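Let's take a walk through this model together, one contact at a time. Keep the viewer open and follow along.

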Amino acid sequence: MAIRPILIRGEAVLHEPAALVTAFDDQLRDLVADMFDTMEAAPGVGLAAPQIGVGLRVFVYDYPHDDGTPRRGVVINPELFVSPTEVREPTEADDEGCLSFPGERYGLVRAERAILRAVDETGAPLSLECDGWFARILQHEFDHLNGIMYVDRLDVDQANHAAKVEKKRGWGVPGNTWMPGVDHLED
């Protein structure tokens with residue numbers, strides 16, 4: 001299908017709750033195909049519809065099982081249930097990134113386990129139970145559907161650093177995007 005530009009922090013659609021999907025039609029299937037193409041080109045392991053400017057409760061993921069077998073899917077209108085989150089300082093193992101805050105990684109403690117209930121692009125119910133990094137990915141993408149970016153959850157020191165990066169790069173206002181496969185982003 002098509003690779004779409006990814007919005008950078010500051011666009012309103014990234015900071016407000018997304019709407020429920022009510023039509024399971026060709027337009028939705030095209031959106032999902034574009035999301036997979038965009039995620040792969042970025043490259044990323046997950047992408048939410050608001051990140052490409054579509055305020056719908058849809059995200060895609062592509063993250064292998066522990067044994068290396070593929071695990072790829074689409075999630076629509078999800079509910080997410082997580083285990084209690086451990087209270088501790090983030091470590092390097094908790095470093096997370098986001099395609100809508102590109103080139104940066106910050107430590108964020110997330111729940112170790114998650115259960116997700118949703119539907120797929122045909123409207124068929126699906127349920128995922130997972131732990132580790134896949135649970136982190138689901139939580140990250142679910143947050144996007146609620147208008148929350150991972151940098152909104154950072155501790156004070158990391159949030160201050162992220163704010164400086166945002167200001168330096170001119171983010172935090174509408175109009176900033178990047179095109180996967182075309183734009184080279186600072187690391």
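Let's begin with a charged residue, bearing in mind that this is a predicted model. Glu104 has a relative accessible area of 13%, which is under the 20% limit, so it counts as buried. Its partner is Arg169: the two form a salt bridge in which the closest N and O atoms are 3.0 Å apart. In sequence the partners are 65 residues apart, with Glu104 in the loop between S5 and S6 and Arg169 in helix H3, and the bridge thus links distant parts of the chain. The structure holds 14 salt bridges. Those that share partners join Glu86, Arg88, Asp94, Glu96, Arg110, Arg136, Asp143 and Arg153 into one network.

Stay with the loop between strand S5 (95-97) and strand S6 (105-107), since Phe101 lies there too. How do the rings of Phe101 and Trp171 face each other? A pair of aromatic rings is described by the distance of the centres and the angle of the planes. Here the centres are 5.0 Å apart and the planes stand at 75°; an angle over 60 degrees counts as edge-to-face, so that is the class of this pair. Trp171 sits in the loop between helix H3 (156-169) and strand S9 (177-178), so the pair ties together parts that are 70 residues apart in sequence. Both Phe101 and Trp171 are buried. Together with Tyr106 and Tyr150, these two residues form one aromatic cluster. The structure holds 5 aromatic pairs.

Next, please find Arg72, which has several partners to look at. Its side chain meets that of Glu40 in a salt bridge, at 2.3 Å from N to O. This pair links distant parts of the chain, with Arg72 in strand S4 (residues 72-82) and Glu40 in helix H1 (residues 26-41), 32 residues apart. The side chain of Arg72 also meets that of Asp62 in a salt bridge, this one at 3.6 Å from N to O. Asp62 belongs to strand S3 (residues 58-62) and lies 10 residues from Arg72 in the chain. The charged end of Arg72 sits over the ring of Phe36 as well, 3.8 Å from its centre.

Are the residues of these two bridges buried or partly exposed? Arg72 has a relative accessibility of 42%, so it counts as partly exposed. Glu40 is partly exposed at 40%, and Asp62 is partly exposed at 28%.

Our last stop is helix H2 (residues 132-145). At 1.5 Å a residue, its 14 residues should span 20 Å, and the end C-alpha atoms are 21 Å apart, which agrees. Of the 14 residues, 12 are buried, so H2 is largely enclosed by the rest of the structure. Among the buried residues are Phe134, Ile137, Leu138, Phe142 and Leu145, and also charged ones including Arg136, Glu141 and Asp143. What covers the buried residues of H2 includes strand S2 (46-48), S3, S4, S5, strand S7 (113-119) and strand S8 (125-131).

Arg136 deserves a second look here. The charged end of Arg136 sits over the ring of Trp133, 4.7 Å from its centre, and Arg136 also takes part in the salt-bridge network, as does Asp143. After H2 comes Gly147, whose phi is positive, near 80°.

Notes. Residues are numbered from 1 along each chain as its sequence is written. Side-chain values use heavy atoms; hydrogens and water are left out. Rings of Phe, Tyr and Trp (its six-membered ring) pair if their centres lie within 6.5 Å; planes under 30 degrees apart count as stacked, over 60 as edge-to-face and the rest as tilted. Helices (H or I, at least four residues) and strands (E, at least two) are DSSP runs, numbered from the N terminus. Buried means under 20% relative accessible area, exposed over 50%, partly exposed in between (1.4 Å probe, protein chains only). A charge sits over a ring if NZ of Lys or CZ of Arg is within 6 Å of the ring centre and within 35 degrees of the ring normal. A salt bridge is a side-chain nitrogen of Lys or Arg within 4 Å of a carboxyl oxygen of Asp or Glu. The expected span of a helix is 1.5 Å times one less than its number of residues. Contact means heavy atoms within 4.5 Å.
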